[in-house]
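The following exercises practise the reading of a protein model. Please inspect the sequence and the structure before attempting each task.

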Amino acid sequence: MKRIEAIIRKTRFEDVKEALLQSDIDWFEYHNVHGIGQSRQERIYRGVQYSTDVIERVALTIVCRDQLVDPTVKVILQVAHTGEIGDGRIFVSDMIDTWSIRTGENGDTVLRDKK
Amino acid sequence: MEEIGISLDTVWMLLAAMLVFWMQPGFALCEAGFTRGKNTANILMKNFVDFMFGSLLFFFVGFGFMFGSDGAGFIGMPNWGDLSFYKGELPVEGFLIFETVFCATSATIVSGAMAERTKFSMYLIYSAVISLFIYPIEGHWTWGGGWLCDDAADGFMMSTFGDVFHDFAGSAIVHSVGGVLALIGALALGPRIGKYAKDGKSRAIPGHNLAMAALGVFILWLGWFGFNPGSQLAASGEVNRVAISHVFLTTNLAAVAGGVATMFLTWFKYGKPSLSLTLNGVLAGLVGITAGCDIVSPLGAVVIGLVCGIVLVFSIEFIDRKLHIDDPVGAASVHGVCGIIGTLMTGLLSTTNGAFYGFGWGFFGAQAFGVLVIDLWAAACGFILFFGIKKLRGLRVDKRIEEEGLDIYEHGENCYN
């Protein structure tokens with residue numbers, strides 16, 4: 001069982017969402033996040049220039065069984081890609097254990113992936 | 001006594017002008033609520049531009065186009081900021097303000113339909129042209145004493161239909177013109193990214209704040225109590241006090257009937273009573289009653305509201321799913337389609353000369369002809385204007401700007417921080 005975290009462009013979110021639902025991911029979380037990075041935008045509020053380094057992105061958190069990690073990463077790599085600087089990153093880490101709160105069931109079988 | 005009467009009329013006209021001005025924030029909030037938060041500053045800005053450009057241009061030129069005289073009834077003489085040509089009982093400066101807010105209402109209808117994808121600079125051109133030219137000219141044909149409302153026995157309308165075109169407060173003159181331009185503007189622009197799937201299926205792009213949209217509609221509703229009863233342009237004396245009271249009642253009845261019709265129809269059709277469509281339904285009723293609010297009975301007003309509320313739902317569906325024209329706020333259906341329906345229904349339901357009251361079809365013919373001519377004018381101007389801009393300079397923002405929001409790229413300021 002792994003956790004996949006992906007930081008992607010807001011503008012790619014809708015397509016990535018569709019693609020994930022069409023592959024075998026049933027449920028995932030996302031957050032709107034602000035990052036500080038290299039890419040700078042000039043912003044002016046009432047004539048005053050301000051915080052040009054804040055970048056808005058969407059962070060996805062997907063927990064899935066081992067066999068789904070590769071296909072899921074592949075989908076994100078494909079769909080979130082624009083080729084411009086700032087397309088984002090994917091992180092994969094181990095998950096130790098999980099429980100279903102409703103049934104009390106333990107282990108990665110509670111992730112109701114279709115596969 | 002007479003002196004006080006004219007003062008009373010003036011105060012009523014100016015009070016109504018304030019209410020009609022108040023429709024600007026109504027439109028602004030309504031349109032902002034029905035669109036996404038990343039484009040809110042942009043749409044608010046467009047609403048300000050419509051009023052600012054409209055007021056200046058109508059003062060300098062449009063007022064003369066509309067109310068000046070050419071002798072033939074087709075186009076007035078531009079007044080170049082000089083108001084002395086106008087001879088009326090009411091003070092000319094007050095009357096100018098009253099007419100200005102109507103012009104600006106017509107102009108601001110379009111911004112919602114073209115929301116979320118139009119270049120701000122190109123929108124300015126449209127906004128100037130409608131207040132300078134499109135609206136004042138068709139306004140001259142009607143309220144400006146032009147040929148559509150010429151009641152001389154040997155005039156074209158009287159000799160053809162035996163009646164003149166009647167649009168009390170502007171179902172056709174103000175609303176359908178705005179609605180037709182909205183439709184053509186949205187057609188020229190093309191749909192927002194993601195609005196239609198590859199197989200052509202329509203996708204919902206929910207507005208970001210329905211509380212804002214609902215407040216906007218309530219504000220518009222309040223504004224309409226100036227728009228319609230104010231168009232009597234008088235309050236003194238028995239005839240006028242009865243008339244404006246009657247118009248208040250018909251206006252409100254049509255609004256509620258429109259809302260009720262839409263609510264039940266969406267409940268029946270889509271399984272749930274839709275708030276966002278009911279808001280449109282209220283406006284549909286208001287737009288519909290505007291032409292005949294003075295000459296239909298209260299019951300007639302209810303009928304007009306019901307018909308507009310029902311037609312609205314089918315119209316929105318047709319424009320979205322069949323024509324694939326992306327109108328985020330439903331402006332083309334509310335103002336265009338229901339403006340036309342209301343003008344036509346006045347020809348049927350007028351208690352003084354309507355077809356359903358046994359007065360024959362002459363007046364209905366005059367209504368149909370009038371609204372046809374006015375909207376053909378708007379459509380022709382719209383085609384030249386929007387497709388002209390599209391060809392010469394491009395009407396639409398870049399893909400990336402559209403995706404990330406017009407607020408940052410066009411204005412550098414977000415609405416929400």
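In β6(A), A:Gly88 is the bridge partner of A:Ile8. The model is a predicted one, in which local features need pLDDT of at least 70, side-chain atom pairs count only at pLDDT 80 or more, and totals for chains, interfaces and linings use all residues. Residues are numbered from 1 along each chain as its sequence is written, while chains are lettered from A and ligands numbered from 1 in the order in which they are written.

**Exercise 1. Determine in which sense β1 and β6 of chain A pair, and how many residues of β6(A) are buried.**

Step 1. Helices (H or I, at least four residues) and strands (E, at least two) are DSSP runs, numbered from the N terminus. Strand β1 of chain A covers residues 2-9, and β6(A) covers residues 88-94.

Step 2. Two strands pair if DSSP finds at least two bridges between them. Here β1 and β6(A) pair in the antiparallel sense over 7 bridges.

Step 3. A residue is buried if 20 or more other C-beta atoms, placed from the backbone, lie within 10 Å of its own, exposed if 12 or fewer, and partly exposed in between. Of the 7 residues of β6(A), the number buried is 0, so the strand lies largely in the open.

**Exercise 2. State the order of the elements of chain A, and explain why the chain is more spread out than a compact globule.**

Step 1. Chain A has 2 helices and 6 strands. Read from the N terminus, their order is β-α-β-β-β-β-α-β.

Step 2. The radius of gyration is taken over C-alpha atoms, and the globule rule is 2.2 Å times the number of residues to the power 0.38. For the 115 residues of chain A the rule gives 13 Å, but the radius of gyration is 17 Å, well over that value, so the chain is more spread out than a compact globule.

Step 3. Along the principal axes, the C-alpha atoms of chain A fill a box of roughly 60 × 30 × 20 Å. Buried residues make up 15% of the 115 residues.

**Exercise 3. Locate A:Phe28 and list its contacts beyond four places in sequence.**

Step 1. A:Phe28 lies in the loop between α1 (13-22) and β2 (29-36) of chain A. With 17 C-beta neighbours inside 10 Å, A:Phe28 counts as partly exposed.

Step 2. Two residues are in contact if their C-beta atoms, placed from the backbone, lie within 7 Å. Leaving aside neighbours within four places in sequence, A:Phe28 touches A:Leu20, A:Leu60, A:Thr61 and A:Ile62.

**Exercise 4. Which of the two classes, buried or exposed, applies to B:Trp80, and which to B:Glu116?**

Step 1. B:Trp80 is in the loop between α3 (40-67) and α4 (92-113) of chain B. Its phi is positive, about 45°, although B:Trp80 is not a glycine. With 8 other C-beta atoms within 10 Å, B:Trp80 is exposed.

Step 2. B:Glu116 is in the loop between α4 and α5 (120-141) of chain B. Phi of B:Glu116 is also positive, near 75°. With 22 C-beta neighbours inside 10 Å, B:Glu116 counts as buried.

**Exercise 5. Compare the expected span of α8(B) with the distance between its end C-alpha atoms.**

Step 1. The expected span of a helix is 1.5 Å times one less than its number of residues. For the 18 residues of α8(B), residues 210-227, this should be 26 Å.

Step 2. The end C-alpha atoms of α8(B) are 24 Å apart, which agrees.

Step 3. Among the buried residues of α8(B) are B:Trp221, B:Trp224 and B:Phe225. What covers the buried residues includes α1 (2-21), α2 (23-34), α9 (237-270) and α10 (275-289) of chain B.
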